[in-house]
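Q: Please take a close look at a single part of this model and set it in the context of the chain around it. A connected account would be preferable to a list.
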Amino acid sequence: MFVLLSDDDVPCGETALCEPCFATPQNQGYASEQGAQAGDVPNPKAFVEANENTMLFCCICDENICGEKLKNCD
């Protein structure tokens with residue numbers, strides 16, 4: 001899992017990408033846009049690995065590092 005960090009070095013969940021989705025530059029651009037819209041990542045420099053964080057879900061395919069899909073809360 002890859003993610004952009006906030007100014008406080010906190011992972012911005014809106015920018016999370018699993019490894020297969022991270023491989024596509026268009027997906028990285030989409031994730032960066034998501035971070036900019038959220039306001040958490042005003043000056044992103046690069047994606048970092050976040051393989052230990054099971055709370056992050058890919059913003060493209062909605063899976064976490066365990067292969068679990070994001071569940072809708074509705």
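In which helix is Asn-27 found? Is Asn-27 buried or exposed, and which residues is it in contact with, leaving aside its neighbours within four places in sequence? Please then follow these contacts into the rest of the structure.

A: The model is a predicted one, and every value below is computed from it. Asn-27 is found in helix α2, which spans residues 25–38. This helix is one of the 2 helices of the protein chain, which also has 2 strands. Read from the N terminus, the order of elements is β-α-α-β.

The relative accessible area of Asn-27 is 16%. Since the limit for a buried residue is under 20%, Asn-27 counts as buried. In the protein chain as a whole, 31% of the 74 residues are buried. Once neighbours within four places in sequence are set aside, the contacts of Asn-27 are with Leu-17, Cys-21 and Ile-60.

Two of these partners, Leu-17 and Cys-21, lead into the nonpolar interior. Both belong to the largest nonpolar core, a set of 10 residues that also includes Phe-2, Leu-4, Cys-18, Phe-22, Ala-31, Phe-47, Cys-58 and Cys-59. Apart from this core lies another one, of 5 residues, including Val-3, Ala-16, Ala-50 and Leu-56.

Cys-21 itself is buried, at 11% relative accessibility. The cysteine sulfur closest to that of Cys-21 belongs to Cys-18, at 3.5 Å. Because a disulfide requires sulfur atoms within 2.5 Å, this separation is too far for a bond. The whole structure, when searched, yields 0 disulfides. Cys-12 is likewise in no disulfide, and the nearest cysteine sulfur to it, that of Cys-59, is 9.4 Å away. Cys-12 is nevertheless buried, with a relative accessible area of 1%.

The largest core also holds the aromatic residues Phe-2, Phe-22 and Phe-47. Ring pairs join these three residues into a cluster. The number of aromatic pairs is 2. One is the stacked pair of Phe-2 and Phe-22, with 4.0 Å from centre to centre and 15° between the planes. This pair links distant parts of the chain, as Phe-2 lies in strand β1 (residues 2–3) and Phe-22 in helix α1 (residues 19–22), 20 residues apart. Phe-2 is buried, its relative accessible area being 15%. Phe-22 and Phe-47 form an edge-to-face pair, with 5.3 Å between centres and 75° between planes. Here too distant parts of the chain are linked: Phe-22 is in helix α1, whereas Phe-47 is in the loop between α2 and β2, 25 residues apart. Phe-47 counts as buried, at 19% relative accessibility.

The remaining points concern the segment after β2. One residue of that segment is Asn-64, which is buried at 5% relative accessibility. The side chain of Asn-64 reaches the backbone oxygen of Thr-54, at 3.2 Å. Not counting residues up to four places away in sequence, Asn-64 touches Met-1, Thr-54, Leu-56 and Phe-57. Leu-56 is also one of the residues of the 5-residue core.

Glu-52 lies in the segment after β2 as well, and it is exposed, with a relative accessible area of 76%. Its C-alpha atom is separated by 8.4 Å from that of Met-1, although Glu-52 and Met-1 are 51 residues apart along the chain. Asp-62 is placed in the segment after β2 too and is partly exposed, at 34% relative accessible area. Most residues other than glycine have a negative phi. Asp-62, by contrast, has a positive phi, near 65°.

For the chain as a whole, consider contacts between residues at least 6 apart in sequence: 53% of these join residues at least 24 apart. The accessible surface of the protein chain comes to about 4800 Å², and 49% of it belongs to carbon and sulfur atoms.

Note on methods: Residues are numbered from 1 along each chain as its sequence is written. This is a predicted model: local features need pLDDT of at least 70, side-chain atom pairs count only at pLDDT 80 or more; totals for chains, interfaces and linings use all residues. Side-chain values use heavy atoms; hydrogens and water are left out. A nonpolar core is a set of buried Ala, Val, Leu, Ile, Met, Phe, Trp, Tyr and Cys residues joined through side-chain atoms within 4.5 Å. Buried means under 20% relative accessible area, exposed over 50%, partly exposed in between (1.4 Å probe, protein chains only). Helices (H or I, at least four residues) and strands (E, at least two) are DSSP runs, numbered from the N terminus. Contact means heavy atoms within 4.5 Å. Rings of Phe, Tyr and Trp (its six-membered ring) pair if their centres lie within 6.5 Å; planes under 30 degrees apart count as stacked, over 60 as edge-to-face and the rest as tilted. A polar contact is a pair of N or O atoms within 3.5 Å; within protein, one must be able to donate a hydrogen and the other to accept it, and residues adjacent in sequence count only if both atoms are side-chain atoms. Accessible areas come from the Shrake-Rupley method with a 1.4 Å probe; for residues, only the protein chains shown count as cover.
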